[in-house]
Amino acid sequence: MKRKASAVWNGTIKEGNGFLTTQSTVLNQTQYSFNSRFAEGIGTNPEELLAAAHAGCFTMKLSLDLTQAGYTPETLSTESAITLDNGKITKSELILTAKVPGISEEEFQKIAKNAEQTCPVSNAFSFEISLSAQLIS
């Protein structure tokens, strides 16, 4: 399987701007700029997109792992925070809240940690990944 996206940039780094388009067109000439990346400008940025990819991939992998272990997750909600420090992405922090009937805390933490370590996006990253997982009833 291959998925594609494209980026177009016009102008200098600070004054210029660009747009991103994905194969699915979920992003369709979506604006990005210096301000949307390093300040609070309108548009998206690479770090935000990495965070979305990591949160989505991990959550799907966790659902798979829980299902294969015999559990039926009701809700899995994950936030990813990507850290960009001195021009280098250094960390992705996953924060998970989950409602999974019938699972013990110990089993939940074990399955969540495995999903964090084995989701394809986690494996693509060479920077630190942390997981904070909370099981709610």
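Contact here means that heavy atoms lie within 4.5 Å, and the angle between two elements runs from 0 to 180 degrees between their N-to-C directions. The exercises below concern a predicted model.

**Exercise 1.** Describe the order of the elements along the protein chain and the overall extent of its C-alpha trace.

*Solution.* Begin with the inventory, in which the secondary structure comes to four helices and six strands. Next, read these elements from the N terminus, which gives the order β-β-β-α-α-β-β-α-α-β. Then turn to the extent in space, where the C-alpha trace spans about 55 × 30 × 25 Å along its principal axes. Finally, consider burial and contacts: of the 137 residues, 34% are buried, and among contacts between residues at least 6 apart in sequence, 49% join residues at least 24 apart.

**Exercise 2.** Work out how strands 1, 2 and 3 are arranged, and explain why one side of strand 1 and one side of strand 3 lack a neighbour in the sheet.

*Solution.* First establish the order, which is 1-2-3 in an open sheet with antiparallel pairing. Strand 1 (5-10) and strand 3 (30-33) therefore stand at the edges, and because each has a single partner strand, one side of each is left without a neighbour in the sheet. Neighbouring strands of this sheet are turned by 25° against each other on average, with direction ignored. For the pairing in detail, take strand 1 and strand 2 (residues 17-22), which are joined in the antiparallel sense over six bridges; within this pair, A7 has L20 of strand 2 as its bridge partner.

**Exercise 3.** Characterise the sheet of strands 4, 5 and 6, and then identify the helices that lie across its strands.

*Solution.* The order in this open sheet is 4-5-6, and the pairing is mixed. Strand 4 and strand 6 (128-136) stand at the edges with a single partner strand each, so one side of each has no neighbour in the sheet. On average, neighbouring strands here are turned by 15° against each other, direction ignored.

The next step is the pairing of strand 4 (residues 75-85) with strand 5 (residues 88-99), which run antiparallel and are joined by 11 bridges. Along this pair, T78 has L96 of strand 5 as its bridge partner, while D85 stands opposite K88 in strand 5. The hairpin of these two strands has two residues between them, and N86 takes a positive phi near 50° there.

The last step adds the helices: helix 2 lies across strand 4, strand 5 and strand 6 and runs at about 145° to strand 4, whereas helix 3 lies across strand 5 and strand 6, at about 150° to strand 6.

**Exercise 4.** Decide whether T59 and E116 are buried or exposed, and list their contacts beyond four places in sequence.

*Solution.* The cut-off needed is that buried means under 20% relative accessible area. T59, placed in helix 2 (residues 46-68), has a relative accessible area of 16% and is therefore buried. Leaving aside neighbours within four places in sequence, T59 is in contact with L76 and T78. A further distance locates T59 with respect to P120, from which it is 61 residues apart in sequence and 11 Å apart in space, C-alpha to C-alpha.

E116 lies in helix 3 (residues 105-118), and with a relative accessible area of 5% this residue is buried as well. Not counting residues up to four places away in sequence, E116 touches F58, L94, S122, I129 and L131.

How values were computed
Residues are numbered from 1 along each chain as its sequence is written. This is a predicted model: local features need pLDDT of at least 70, side-chain atom pairs count only at pLDDT 80 or more; totals for chains, interfaces and linings use all residues. Side-chain values use heavy atoms; hydrogens and water are left out. Two strands pair if DSSP finds at least two bridges between them. Buried means under 20% relative accessible area, exposed over 50%, partly exposed in between (1.4 Å probe, protein chains only).
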